[in-house]
Amino acid sequence: MNRKILLHVKAFSDLGTFMDLIAINVLMYVAIGSSAWLAATMAFRTLGGVLSSLFSGVLADRYDRRKIMIWTDVFRAVIILCLIPFPNPIMILIVCFFIGLTSSFFAVSYSAEIPHIFGQDKVLETNALISRLTSVSLVLGFIGAGIITDFLGYEVTFNP
């Protein structure tokens with residue numbers, strides 16, 4: 001298996017992450033129309049990440065990092081899908097909190113696994129490629145989400 005495919009798959013996953021960031025913020029703004037609630041979505045996402053960062057490294061050290069990555073992605077998909085039948089502001093805040101929580105677990109496990117997958121001697125080269133791919137995903141994800149959400153609605157952004 002070409003290991004660089006993993007990096008491109010991760011970049012594609014990042015594209016979805018950046019798209020859901022825009023879509024969830026639009027959903028909150030459409031639901032409430034308040035910039036304070038919009039700020040709360042970002043704050044709750046950050047709060048979840050900060051809280052999980054306190055122990056995500058310990059879990060990544062003690063458990064199978066690949067399983068942590070898989071299960072956090074599955075859990076993240078399930079919690080985002082909860083917004084479709086329940087697009088109310090409190091649910092949006094809860095989802096944002098859990099997105100932040102799972103994102104930290106995933107990011108720590110992913111970073112810790114890079115030397116094992118690619119080799120310690122390729123960490124610098126691999127991290128440089130990860131940075132480039134993440135930047136491309138960031139730009140394309142935000143632009144794509146903006147266009148899709150504007151023309152088709154946030155529901156389509158959540159269901160690719």
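In what order do the elements of the protein chain run from the N terminus on? They run α-α-α-α-α-α-α, and the chain accordingly has seven helices and zero strands. Helices (H or I, at least four residues) and strands (E, at least two) are DSSP runs, numbered from the N terminus.

Before going on, a word on the source. This is a predicted model, in which local features need pLDDT of at least 70 and side-chain atom pairs count only at pLDDT 80 or more, while totals for chains, interfaces and linings use all residues. Residues are numbered from 1 along each chain as its sequence is written, and side-chain values use heavy atoms, with hydrogens and water left out.

Let me turn to the overall dimensions. For 160 residues, a compact globule would have a radius of gyration near 15 Å, and the 16 Å of the protein chain agrees with that. The radius is taken over C-alpha atoms, and the globule rule is 2.2 Å times the number of residues to the power 0.38. Along the principal axes, the C-alpha atoms fill a box of roughly 50 × 30 × 25 Å. Buried residues, meaning those under 20% relative accessible area with a 1.4 Å probe and protein chains only, make up 41% of the 160 residues. Of the contacts (heavy atoms within 4.5 Å) between residues at least 6 apart in sequence, 80% join residues at least 24 apart.

I now come to helix H5. Its 30 residues, 89-118, should span 44 Å at 1.5 Å a residue, and the end C-alpha atoms are 42 Å apart, which agrees. The expected span is 1.5 Å times one less than the number of residues. At the N-terminal end, Asn88 acts as a cap, with a side-chain oxygen 3.3 Å from the backbone nitrogen of Ile90. Further along, H5 has a kink of about 30° at Ala112, shortly before the proline Pro115; the bend is the angle between axes fitted to the seven residues ending at a residue and the seven starting there. Just after H5, Gly119 takes a positive phi of about 95°.

Finally, which residue's side chain does Ser104 of H5 meet in a polar contact of 3.4 Å? The partner is Ser56, which lies in helix H3, residues 56-62. A polar contact is a pair of N or O atoms within 3.5 Å; within protein, one must be able to donate a hydrogen and the other to accept it, and residues adjacent in sequence count only if both atoms are side-chain atoms. Both serines are buried, Ser56 with a relative accessible area of 1% and Ser104 with 11%. Leaving aside residues up to four places away in sequence, Ser56 also touches Phe105 and Val108, whereas the neighbours of Ser104 include Gly49, Ser52 and Ser53.

Notes. Buried < 20%, exposed > 50% of the residue type's maximum accessible area, 1.4 Å probe, protein only.
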